[in-house]
Structure formats: structure tokens, C-alpha cells
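Please read the following notes with the structure open beside you. They are numbered so that each can be checked on its own.

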Amino acid sequence: MPFDTGSISCRLYDIDESLDASVIEEFAVNVVAPIETLGAQPLSGWVSPRHLLDREITRESCLLGSFVRADLLKAELKIPRTLLKAYCKIEEIAEMKARGVPFLNRQTRAEIKKRVEEDMLPRMPPTLTAVAMALDLSRRRIYIDGMSEKQQDAFCAAFRKTTRVAPVPIIPESAAMRLREIDVRQFAPQCFSPDPEVTSTANNVGMDFLTWLWFFCEVRGGLFRTAAGAPEFAAMLEGPAVFFLEGEGAHETSLRRGMPLVSREAKTAMESGKKLRSVKLTLASGKAMYSATVDGIDFGFRGIKLPKSETPYEPEAAFLERMSGMQTYTDAFLHLYGMFLDELSAPAKWRKTLAEIKTWISNRPAYI
């Protein structure tokens, strides 16, 4: 399962109501139907984290420390496209021979396709897909590995139906309200280009944050603490990097090989009004290193890498250690976002910061 081994890609959600371990009983009520009942219509429901056919949802199988683990399963019968196309062609050729015609009209081909699908579908093996969930009861936070909008919509609907609590996605707008009670819609679009003739720029506070974070790392050293007396973190940005601009011309620039953030292309992108949309953010504290590719538009984390465990492998302990690393990384990320919001919401301070960013962009060298 994605939260147990390997790198992790995830989205974060908060919930506004406290839940406890008894919520597992609600997930058990909404367990997926037996796979043997699968027919033409897909099955959807919860399964335990042990495997995608495990319908035994109990505290023993799903409660790990303060986390509730469950997966939202979708099971359906699907015919591989190329296989369906081949069988349809076989039937079409046979039909043309039987009729003695060189081709078939569109309606006949559609009828053949429908007949082939009805014949083949019951003989297809189930196709299983799942969205893994880790519900942190202590922080009222949810981690899911569904990155597409379709997966997120399905998860939110199923979670709300199961718990009667609506998950709130942690995106730049909602995070600003929760962290600092700031409505980011009050801010005008921020233009970082030092060129006075550049006026077109993306109006997105998440991309403003990543661009500010790049400046914070290069000019201010990238050092911070999440609280007084807490361990110090060092932040560093690396490629691949994606720059974005709303308006005419090339809207997106993707730089992937070598050292993209010190390239001429990166400097040109910033001077033309583009902003940093996604980038790899590494946070180091002592010997521990955490990294992920972060998207400024939706605060999605892809390919999260956590410090390697030095303890003997035991499934529950390994999971809790990894989730502790996830908490550390995401909490530090949101703390950085709070630091940015503090500057953005202080007009005099932000004017000074904006001038410093423009000077930095204008003067920073481009090596390759």
C-alpha cells in the first residue's frame, strides 16, 4: 500500500469535526459489496488496508496508532480497448462476407460493437482501483493518494456519506483562511518581473508562494523553525520545475534536466512574468531529509521521500514512522506558507519584499 512502502504522492484534507476510533464502524457499514456480485455496474466501497479484497473492517485491521487506514475500492468489468477492437473487427469481417458487401455502415458497426461488448464483458476479470486513506484522528487531517480530480471527488463523496463530515481540501485559498484567517482574494495579482513593461501575470497565491520560497531559499538562506526551540530546517528547491503564465504566448515552461533553476531559461521565464508552478522542495533537519515535488496550484505532493528507517521492519511501526515523517514535512511546508502570508498581508513589508525579489531576479546569474 502507498503509505507503507516506497515514495508517496498525496493530497491533504482537514475536517472540522472531531472523530474517534468508533468511526471505523461507519466504514464497516459502507464496506464494498462482495466481488462475486460484480456485474455490468461497478462496485464501490471501503476495504481494509491489508488487501483490496479484504472486507473485514475492524479496529484490529484499520486502527494504527491515531490513524484510521482504509481504502476506497472501485471494482468494475472492463474490456481492454485493443482486445475489443480486434473482436469487433473479426465480427465485422464475418458480417461483410455474409452480406457480400465491401463495407458496413456506422449503425451496423455500432450494433456489432454492442453485441461484442455484451458477450465479452461477463467473461472479463475484475479491474480493481483504489484510493488509499490515512485519517489522522489526533490532527483531524486526512492523507489520500488520489491525485486526479475524479479520484478526489469520489473520495470526498464517499467519506462524507460514511462519516457525515465533509473533508476540506488543503489548497492555497483554504490554507490561508485556516492558518491566518486571510481571504487571498483581497490581494491583487503579484508581478515579480523586474521588467516594467511586463504586466501580464498569473493571479495565483500558491504560485506566488513558491516563487517567494525560491527567493527565501536563495537570498535569505532558507533556514527556519516551526516553533521556538524546535529543530531548525533548511529548505532547498531543485528541478524539475514548471513555470506558468496566464495570457498570450507560451503559457507553461517545463525545465527538467541538469540544474534548471540556474538556467538561462529559468531567468528568462521569471523576467517575462512567469511564476513557479511546481518544483521539488527538500527540507533537511540534522541528518533527516524530506523531499517532494510540490504543486503551487493545489498543494499536491508527488514523490514524497522520507528519511530511511533505521529500525527493524515491523508493519505497524513502519507505517507510524512514515506517517510521522509525512506530518513533519507537511507541517513544515504549511509553516513556510504561513511565513509567506505574514509578509503578503503586511503592505509595507510586502512592498519591500517585492522590490527585493525583482532585484534578485534581475541580478541572479544564469550559468547554463
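1. Start with T359, which is a residue of helix α10, the helix running over residues 347-363. The model is a predicted one. In it T359 has a relative accessible area of 43%. Because buried means under 20% and exposed means over 50%, T359 counts as partly exposed. Its C-alpha atom is separated by 9.4 Å from that of F192, although the two residues are 167 apart along the chain.

2. Now take the chain as a whole. It has ten helices and 13 strands. Its C-alpha atoms fill a box of roughly 80 × 60 × 40 Å, taken along the principal axes. Of the 368 residues, 46% are buried. Among contacts with a separation of 6 or more, 71% are between residues 24 or more positions apart. The pair in point 1 can be read with this in mind, as T359 and F192 are 167 residues apart along the chain.

3. Helix α3 covers residues 81-99 and has 19 residues. What span should a helix of 19 residues have at 1.5 Å a residue? The expected value is 27 Å, and the end C-alpha atoms of α3 are 27 Å apart, so the two agree. Just after α3 comes G100, which has a positive phi of about 70 degrees.

4. Which residues of α3 are buried? They are L84, C88, E92 and M96. Seen down the axis of α3, these buried residues fall within an arc of 100 degrees, so they line one face of the helix. The general reason is that an α-helix has 3.6 residues a turn, so residues three or four places apart point the same way. T82, I90, K97 and A98 are exposed, on the other side of α3. Helix α4 (106-120) is included in what covers the buried residues of α3.

5. Helix α5 (149-163) comes just before a loop that leads to β7 (168-169). It has 15 residues and reaches 21 Å from its first C-alpha to its last, close to the 21 Å expected at 1.5 Å a residue. The buried residues of α5 are Q152, F155, C156, A158, F159, T162 and T163. What do these buried residues pack against? The list holds the strands β1 (8-14), β2 (43-47), β4 (67-77), β5 (126-136) and β6 (141-144), together with the helix α1 (23-29).

6. R164 follows α5 and has a positive phi, near 65 degrees. R164 is a residue other than glycine, and its place is in the loop between α5 and β7. Is R164 buried or exposed? Its relative accessibility is 58%, so R164 counts as exposed.

7. F299 is another residue to check for its backbone. Its phi is near 55 degrees, a positive value in a residue other than glycine. F299 is found in the loop between β12 (288-295) and β13 (301-305). At 1% relative accessibility, F299 counts as buried, whereas R164 in point 6 counts as exposed.

8. A cis peptide bond joins G239 and P240, with omega at about 5 degrees. P240 lies in strand β9, which covers residues 232-244.

9. Two helices should be looked at together. Helix α7 (residues 205-219) and helix α9 (residues 315-344) pack at an angle of about 95 degrees, with 10 Å between their axes. Because angles of 65 to 115 degrees count as roughly perpendicular, α7 is roughly perpendicular to α9. On the α7 side the residues in contact are V205, D208, F209, W212, L213 and F216. In α9 they meet F333, L336, Y337, M339, F340, E343 and L344.

10. The last point concerns cysteines. A disulfide is a covalent bond between the sulfur atoms of two cysteines. For a pair to count here, the sulfur atoms must be within 2.5 Å. By this rule the count comes to zero disulfides. C10 is in no disulfide, as the nearest cysteine sulfur, that of C156, is 14 Å away. C10 is buried, with a relative accessible area of 0%. C191 is buried as well, with a relative accessible area of 17%. C156 is one of the buried residues of α5, and C88 is one of the buried residues of α3.

Notes: Residues are numbered from 1 along each chain as its sequence is written. This is a predicted model: local features need pLDDT of at least 70, side-chain atom pairs count only at pLDDT 80 or more; totals for chains, interfaces and linings use all residues. Side-chain values use heavy atoms; hydrogens and water are left out. Buried means under 20% relative accessible area, exposed over 50%, partly exposed in between (1.4 Å probe, protein chains only). Helices (H or I, at least four residues) and strands (E, at least two) are DSSP runs, numbered from the N terminus. The expected span of a helix is 1.5 Å times one less than its number of residues. The arc is that of the directions from the helix axis to the C-beta atoms. Contact means heavy atoms within 4.5 Å. Axes are lines fitted to C-alpha atoms, for helices over the stretch in contact, and angles run from 0 to 180 degrees between N-to-C directions. Angles under 35 degrees count as roughly parallel, over 145 as roughly antiparallel, 65 to 115 as roughly perpendicular and the rest as oblique.
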